[in-house]
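Please walk through the following model with its sequence alongside, moving from one helix to the strands and then to the nonpolar interior.

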Amino acid sequence: MKSMLIAFAFATALHGAAAMAQVKQTAPSKSGHIAVNGLNYYYEIHGRGEPLLLLHGGLGSIDMFRPVLPVLSKSRRVIAVDLQGHGRTALGERPISLVDMGDDMAAILKKLGPAQVDVLGYSLGGGVAFRLAVQHPAMVRRLAMVSAGYAQDGFYPEMLPMQAQVGAAMAEHMKETPMYKSYSAVAPKPEDFPRLLDRMGEHMRKPYDWSEDVKKLQMPVMLVYGDSDMYRPEHIVRFYQLLGGGLKDAGWGREHMSRNRLAILPDLTHYDIFLAPELPRTVLPFLDGKSGKEAWTGQEGKK
């Protein structure tokens, strides 16, 4: 079980470290820390254009997105944040809470200036993005959630006992992994790594079901998953249905089409989807408010 648990908790970081070795990092145009609700969040800003809040996955950092940042920031002002206890943001004394971090992101945005942003969140960051959109809907123009669910039962059943065992006891076994080495290289207090594992374990053991909150979302939402994701296909489809999608045929002229989108990317898992070139190609047209599709009924007379 221990080896399976380690593989679960750190596969994302291992994939990310391998990719990072081949990526030339670009310096942010601005970076620093912002004090919010008792925490000191690290952020970076890349590129110019419409603002895009970028939120990484659990036990990772902004660095997870280095391979796709150049594409995202080519046409966007990307505001990337290291979440509580991750990367260059200290853990603090608070529990890990998506609800609290959703409020924290709103406070960060208010201090940085944009009144409204598009949001792209992966895994843990997808949950934070969801809570931001639910709790501060006027601040989110469009929301893209990557490999994230709305309820604990969305995971495959065998994942739950693995998540339940995440804790400080794993820390010693991680000392030689790229995950721990990347954490210790940038964390304000590298000695907090066991505490971070404890907090993440506590977070993952708490049952949740936000299906009623899903129905409240008023902005356009895109859900993105790998075809071999850690979320059950039934959960993914139900998530889309709660958003109003997948309930009827779109019609010849797309007249019954939901404004929300669902993307299942082939040959990808939860642990590598954030690195995939297909990810920015999939989410950017949606975040830009573009469809790029024309109904068959509009093709008459065209050669």
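Which residue caps the N-terminal end of α3? In this predicted model, the cap is S97, a side-chain oxygen of which lies 3.3 Å from the backbone nitrogen of V99. Helix α3 itself covers residues 98-112, and because a rise of 1.5 Å a residue should carry its 15 residues over 21 Å, the 21 Å that separates its end C-alpha atoms agrees with expectation. Buried positions in the helix include L98, M101, M105, L109 and L112, and just after α3 the backbone of G113 takes a positive phi of about 120 degrees.

From the helix we can turn to the strands. Strand β7, residues 221-228, has six of its eight residues buried, so it is largely enclosed by the rest of the structure. It pairs in the parallel sense with β6 (residues 140-146) over four bridges, with V146 standing opposite V224 of β7. Strand β8 (residues 261-269) also runs parallel to β7, to which six bridges join it, and here Y225 has I264 as its bridge partner. Between β7 and β8 the chain passes through helix α9 (residues 233-242), giving a β-α-β crossover that is right-handed.

The nonpolar interior comes last. The largest nonpolar core has 67 residues, and those with the most contacts inside it are L53, L55, M105, V119, L143 and L217. Leaving aside neighbours within four places in sequence, L53 is in contact with residues including M105 and L109, both of which are buried in α3, as well as with V117, V119 and L132, among others. Apart from this core lies another, of 29 residues, among them V68, L72, L268 and L279.

Note on methods: Residues numbered from 1 in each chain as written. Predicted model: local features only at pLDDT ≥ 70, side-chain atom pairs only at ≥ 80, totals over all residues. Heavy atoms only, no water. Core = buried A, V, L, I, M, F, W, Y, C linked by side-chain atoms within 4.5 Å. Buried < 20%, exposed > 50% of the residue type's maximum accessible area, 1.4 Å probe, protein only. Contact = heavy atoms within 4.5 Å. Helix = DSSP H or I, 4+ residues; strand = E, 2+ residues; numbered from the N terminus. Pairing = 2+ DSSP bridges. Right-handed = clockwise from strand over helix to strand, strands pointing away. Expected span 1.5 Å × (residues − 1). Polar contact = N/O pair within 3.5 Å; in protein donor to acceptor, adjacent residues only side chain to side chain.
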